[in-house]
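Trainee: I would like a close look at one part of this model, the nonpolar interior. Please set it in the context of the whole chain.

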Amino acid sequence: MDEEWCYQTLRRCRWPEGVTCPRCGSTRVTVHTRSERTPKLKYLCLHCRRTFTDLTGTIFARSNLPLSRWFHGLSLLPQGLSTVDYARALSIKWDTARRLFRCLLVSGGQPGLVRELQRVLSGEPRVRKAG
């Protein structure tokens with residue numbers, strides 16, 4: 001799992017109909033800046049003039065862990081590992097693993113996004129809604 005794939009997957013799961021502003025909900029959004037060091041994009045909402053990134057308003061925001069570690073942790077979640085085993089598997093400190101584990105379990109108010117990412121990581125087919 002490389003960072004580019006993780007960010008593309010997050011964008012597809014978070015905004016299946018296209019990027020929307022997390023503050024005002026507008027779809028009038030443009031890419032503000034691209035970073036050479038990371039595949040994370042910064043957007044500018046043309047309605048409320050606020051900037052935001054792919055991670056703004058998610059459980060992944062304000063974290064120094066790479067998104068690939070979060071995704072790896074998400075793929076390990078169904079295995080029922082202890083926090084210590086979780087830390088070993090991700091090569092991170094115990095307290096960082098505990099925070100990551102708790103954030104993924106609680107889902108930060110976004111259970112739909114986390115469930116969709118788990119579905120993608122496990123390789124399950126997408127379920128289409130009738131209607």
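What percentage of the 131 residues of the chain count as buried? And which residues make up the core?

Mentor: Keep in mind that this is a predicted model. Of the 131 residues, 37% count as buried.

Start with the overall layout. The chain has five helices and three strands. Their order along the sequence is α-β-β-β-α-α-α-α. The C-alpha trace spans about 45 × 40 × 25 Å along its principal axes. The radius of gyration is 16 Å, which agrees with the value near 14 Å for a compact globule of 131 residues. Take the contacts between residues at least 6 apart in sequence: 52% of them join residues at least 24 apart.

Now the interior. In soluble globular proteins, nonpolar side chains tend to be buried together. Here the largest nonpolar core holds 25 residues. Phe60, Leu67, Trp70 and Tyr86 touch the most other members. Five elements each give two or more residues to this core: helix 1 (3-14), helix 2 (67-76), helix 3 (83-90), helix 4 (94-106) and helix 5 (111-122). Helix 2 provides the largest share, five residues.

Leu67 deserves a closer look. Set aside its neighbours within four places in sequence. Leu67 is then in contact with Glu3, Cys6, Tyr7 and Leu10, and also with Leu55 and Phe60. Phe60 is itself among the four residues that touch the most other core members.

There is also a second, separate core. This one has seven residues, including Leu41, Tyr43, Cys45 and Phe52.

Tyr43 leads us to the strands. Among the residues that His32 touches is Tyr43; the others are Lys42, Leu44 and Thr51, not counting residues up to four places away in sequence. His32 lies in strand 1 (residues 29-34). The C-alpha atoms of His32 and Lys42 are separated by 5.3 Å, though the two residues are 10 apart along the chain. His32 counts as partly exposed, because its relative accessibility is 40%, and the buried class ends at 20%.

Finish with the outside. The accessible surface comes to about 8400 Å². Carbon and sulfur atoms account for 48% of that surface. The chain carries 23 positive and 10 negative side chains. The centres of these two sets lie 8 Å apart.

Key
Residues numbered from 1 in each chain as written. Predicted model: local features only at pLDDT ≥ 70, side-chain atom pairs only at ≥ 80, totals over all residues. Heavy atoms only, no water. Helix = DSSP H or I, 4+ residues; strand = E, 2+ residues; numbered from the N terminus. Rg over C-alpha atoms; globule rule 2.2 N^0.38 Å. Buried < 20%, exposed > 50% of the residue type's maximum accessible area, 1.4 Å probe, protein only. Contact = heavy atoms within 4.5 Å. Areas by Shrake-Rupley, 256 points an atom, 1.4 Å probe, with all protein chains shown as cover. Lys, Arg positive; Asp, Glu negative; His and termini not counted. Charge placed at Lys NZ, Arg CZ, Asp CG, Glu CD. Core = buried A, V, L, I, M, F, W, Y, C linked by side-chain atoms within 4.5 Å.
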